[in-house]
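This report describes how a protein meets DNA in one structure. The two DNA strands are treated in turn, followed by one residue of the protein interior.

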Number of protein chains: 2
Amino acid sequence: MHVIKENTRQTIIDLSIKLFARSGYANVSVRDIANAVGIKPASLYYHFDNKQTLYLASIKESFSLKASVLAEVLQMQAPAEIKLKHYIYKLTELASEDESFRRLLQREMLDGDEKRMQYLAEKVFQEQFNALGMLVAEIDPDCDPHMSAISILSLVLYHLETAPIRVFLKGHKKEHDQVDYIARHVFKLLMNGLLQTSKDAL
Amino acid sequence: MHVIKENTRQTIIDLSIKLFARSGYANVSVRDIANAVGIKPASLYYHFDNKQTLYLASIKESFSLKASVLAEVLQMQAPAEIKLKHYIYKLTELASEDESFRRLLQREMLDGDEKRMQYLAEKVFQEQFNALGMLVAEIDPDCDPHMSAISILSLVLYHLETAPIRVFLKGHKKEHDQVDYIARHVFKLLMNGLLQTSKDAL
DNA sequence: AACCACCTAACTAACAGTTGTTAGGCATTT
DNA sequence: AAATGCCTAACAACTGTTAGTTAGGTGGTT
């Protein structure tokens, strides 16, 4: 019955990422995944040991793809402020266009056990996080790189996380969800604080 | 067998908040809740129509308690910068000591349907969000209040959200999870940006 | 060319356990 | 007597997972 020999394993992972990101681990059954792929539930167990393993493969796939792109920006040769601006833009862009990645990360922050957190920290985010901290330290040698790096990430990612509720809050405009607008706002805030008296960004 | 007549309904809600916050809606069974309360699953259905209703009662309870405390700070008579500093501190404190509230909010952001988002926006957060926006506008009349308000919330809340992974990231110190430290960092950043050349905060 | 063994990738059918929920009963209080 | 607050027992639906089977492709031997 199985006509063409495609890369089923990859298809399973891709669709799992989508489903897990949308509904969360507990709300996606192996039958849901099998249906999406177009095979029977039992067939999933040929490719993966169990649901947990499939989930882990999914988040690893989703997360490891992002790190490399952002690492590039941080390694480019330019003044610190320019690099920061580029980083913010790229981060906003990535997190904005790949909703699955962002939601999986959000979910992991809530439900990931210690072991998985440690894995993510050390194998996926560590390098990039350090580089970002060092970049900030270049701009202000006296700051706390850890806190400042998190602050940068928070400004970008939280804007996107809160999108579902922000659209109902007064003062919402459609620009508020556009990459350029968010990135520019964040960069300006980081440079000048709330007071935008001095030099204009971009 | 049931000895004393307490306020079971409230106990159910309190424990549900805790459980739903910790594990999420799908990962908490009505049996789990019943066990925690010390009654049989069927007895829950005397107090609540179904699981959904119980969940809704839980988040309403958890969320509505917070709004009033923060609203107070915003109504006090003081220079804008002082009010902002107090607000940041109070928000950090609240979000830090009530982990259930924070986690429920995180979960709602991921899984709340449109109707619930609208409810939360209009009935719970709207007023406070506006007040915060106006406060920021007082400090800088040219800013976008919506964006700036979210930025303030993001700086505080994301620090706390990321705690599970931050502890494994290099450069982490235990101060990074203390209310004072976070609040001071956020306020300084908002006032001066990353450059802390000028006046010192606090 | 024809046969065989083997591997791959799917299938059917069923399992034991958990889920939310309901019907009906029993005891205590008003 | 009525209402309250809990109970026991059971329900159908759904869960992750397994055992056993089958169809098609591959490579080696006759």
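## Contacts with DNA strand D

A polar side-chain atom of Thr8(B) is placed 2.8 Å from a phosphate oxygen of DNA strand D; a polar contact is a pair of N or O atoms within 3.5 Å, where within protein one must be able to donate a hydrogen and the other to accept it, and residues adjacent in sequence count only if both atoms are side-chain atoms. This is a predicted model, in which local features need pLDDT of at least 70 and side-chain atom pairs count only at pLDDT 80 or more, while totals for chains, interfaces and linings use all residues. Residues are numbered from 1 along each chain as its sequence is written, chains are lettered from A and ligands numbered from 1 in the order in which they are written, and side-chain values use heavy atoms, with hydrogens and water left out.

For Tyr45(A), a polar side-chain atom lies 2.7 Å from a phosphate oxygen of DNA strand D. In the side chain of His47(B), an N or O atom is 2.5 Å from a phosphate oxygen of this strand.

## The surface near DNA strand D

DNA strand D is surrounded by 19 residues, the closest being Tyr45(A), Lys40(B), Ser43(B), Tyr46(B) and His47(B); a residue is near a strand if one of its heavy atoms lies within 4 Å of it. Of the strand D atoms that come within 4 Å of the protein, 58% belong to sugar and phosphate.

The largest share of this surface, four residues, comes from α3(B); helices are DSSP runs (H or I, at least four residues), numbered from the N terminus. By class, the surface near DNA strand D has seven nonpolar, seven polar and five charged residues. Here Ala, Val, Leu, Ile, Met, Phe, Trp, Tyr, Cys and Pro count as nonpolar, Asp, Glu, Lys and Arg as charged, and the others, Gly among them, as polar.

## DNA strand C

Around DNA strand C there are 16 residues, and the closest are Lys40(A), Ser43(A), His47(A), Tyr45(B) and Lys51(B). A backbone N or O atom of Lys40(A) lies 2.5 Å from a phosphate oxygen of strand C, and a side-chain N or O atom of Ser43(A) is 2.7 Å from a phosphate oxygen. The largest share of the surface near this strand, four residues, comes from α3(A).

## A buried residue

Ile13(A) belongs to helix α1 (residues 8-23) of chain A. Ile13(A) is buried (under 20% relative accessible area, 1.4 Å probe, protein chains only), with a value of 3%.

Key. Helices (H or I, at least four residues) and strands (E, at least two) are DSSP runs, numbered from the N terminus. Buried means under 20% relative accessible area, exposed over 50%, partly exposed in between (1.4 Å probe, protein chains only).
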